[in-house]
Amino acid sequence: MKLVSFQVGTPVGTFTRVGAIHGQQIVDVNMAYVRWLADQQETQPQRLANAQVPPTMLEFLEGGASTLAAARRAKDYVTTRSLSVKGPSGEAIVYSSADVQLLAPLSNPSSLRDFIAFEDHIAATSKKRGQPIPPEWYKAPVYYKGNHRTIIGPDEVLSWPLDTTKLDYELELACVIGRQGRDISERRAEDYIAGYTIMNDFSARDIQFQEMACRLGPAKGKDFATALGPCLVTPDEIADLGTLTMIARVNGEEWSRGRFGTIHWSFAQMIAHVSRGETIYPGDILGSGTVGGGCGLESDRYLKPGDVVELEIQPIGVLRTKVIGSTPRE
């Protein structure tokens, strides 16, 4: 399934819901499950549905495989009927994608770790510093912990951050953890992945390198925003991650193109490494790091106010962000 978080307005306020993409429609999987339970003559369908298929993404992920199976059954149930099907009290179940606002599929992750797992990227950035790849990079997958409270979604704007004059994008694939675990073997690690999404690890390069000169970080140079989206694709929808093409465009011009199969450290190796002596949780996000050539730093090209950045990885889609505001020099 392709899962999304979407916002819908009602007379009593705006609510965020978990949906499943079905062509040009989005199925509210919680309400679809309510419909299914009601049709099975269940006397408290809403109460049971909220427990089995929660309406918000973090709680949905915490439900694990049984929640995903129930959501899949509910989606299949309503989409084999008229798309005008309603809930037991007339609630909407199926929406036109044009009528709702998509958010980051997971706007409140439990944590955010971002790796540097592509050899071409660390080779290029090391060369810029006049240094070889550190030999330690080949010993274990390396990551930093980002700010999981500054997630933005598809088609959200990014306000010009801090006083940077070198704002950059990073073209990445991220996996989202769907099971709690500790000391997970590499062989079993993929069982802990709920799905994949596109990640843009925005970076203020001048600030990042100033703070990292003190041998800590990155921190302020990246903590202002990370974009995720447009959807979370379950692993069964992607036969071979290695074949995925990764593209970045700025104002429609292609700036970066890479292939996920060039990655050195796999997600399974990342999960095994992170979970060693440490528990991972549903909703944790692991970013792959930048694919080779997948940022402006490698080509000395940086973003400016008004730019529209598009990261594309099919079958996930396109993650679009517009940069607004002005640089200090303006």
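1. In helix H7, the residues Phe267, Ala268, Met270, Ile271, Ala272 and Val274 are buried, where buried stands for under 20% relative accessible area, exposed for over 50% and partly exposed for what lies in between, with a 1.4 Å probe and protein chains only. The helix spans residues 267-274, and with six of its eight residues buried it is mostly covered. Helices here are DSSP runs of H or I with at least four residues, strands are DSSP runs of E with at least two, and both are numbered from the N terminus. This is a predicted model, in which local features need pLDDT of at least 70 and side-chain atom pairs count only at pLDDT 80 or more, while totals for chains, interfaces and linings use all residues. Residues are numbered from 1 along each chain as its sequence is written, and side-chain values use heavy atoms, with hydrogens and water left out.

2. The surroundings of H7 can be named strand by strand. Its buried residues pack against S6 (111-115), S7 (143-145), S11 (171-177), S13 (193-200), S18 (279-280) and S19 (284-287), a contact being defined as heavy atoms within 4.5 Å. Within the helix, Ile271 has a relative accessible area of 0% and is therefore buried. Leaving aside residues up to four places away in sequence, Ile271 touches Ile177, Ile184, Ala189, Ile193, Ile280 and Leu286. Of these contacts, the one with Ala189 links positions 82 residues apart along the chain, and the C-alpha atoms of the two residues are separated by 6.1 Å.

3. Strand S16 (residues 245-250) is also mostly covered, since five of its six residues are buried. S16 runs antiparallel to strand S17 (residues 253-259), to which six bridges join it; two strands are said to pair if DSSP finds at least two bridges between them. In this pairing Ala248 stands opposite Ser256. The hairpin of S16 and S17 has two residues between the strands, and Asn251 takes a positive phi near 55° there.

4. S16 has a further partner in strand S20 (residues 308-313), with which it pairs in the antiparallel sense over five bridges. Here Val250 of the S16 strand stands opposite Val309 in S20.

5. Two cis peptide bonds deserve a look in the model. The bond from Gln314 to Pro315 is cis, with omega near 15°, and Pro315 lies in the loop between S20 and strand S21 (317-324). A cis bond also joins Gly217 and Pro218, with omega of about 10°, and Pro218 is found in the loop between helix H6 (205-212) and strand S15 (226-233).

6. Pro315 also appears among the neighbours of Lys2, a residue of strand S1 (residues 2-10). Not counting residues up to four places away in sequence, Lys2 touches Gly19, Ala20, Ile21, Cys231, Leu232, Val233 and Pro315. Lys2 has a relative accessible area of 26%, and so it counts as partly exposed.

7. Two aspartates have a backbone angle worth checking. Asp155, although not a glycine, has a positive phi of about 65°; Asp155 is placed in the loop between strand S8 (151-152) and strand S9 (157-159), and it counts as exposed because its relative accessibility is 52%. Asp300, likewise not a glycine, has a positive phi of about 55°; Asp300 lies in the loop between S19 and S20, and at 53% relative accessibility it counts as exposed.

8. For the chain as a whole, there are seven helices and 21 strands. The radius of gyration is 21 Å, which agrees with the value near 20 Å that a compact globule of 330 residues would have; the radius is taken over C-alpha atoms, and the globule rule is 2.2 Å times the number of residues to the power 0.38. Along the principal axes, the C-alpha atoms fill a box of roughly 70 × 50 × 30 Å.

9. Buried residues make up 52% of the 330 residues. Among the contacts with a separation of 6 or more, 73% come from residues 24 or more positions apart. The accessible surface, computed by the Shrake-Rupley method with a 1.4 Å probe and, for residues, with only the protein chains shown as cover, comes to about 14,800 Å², of which 48% belongs to carbon and sulfur atoms.
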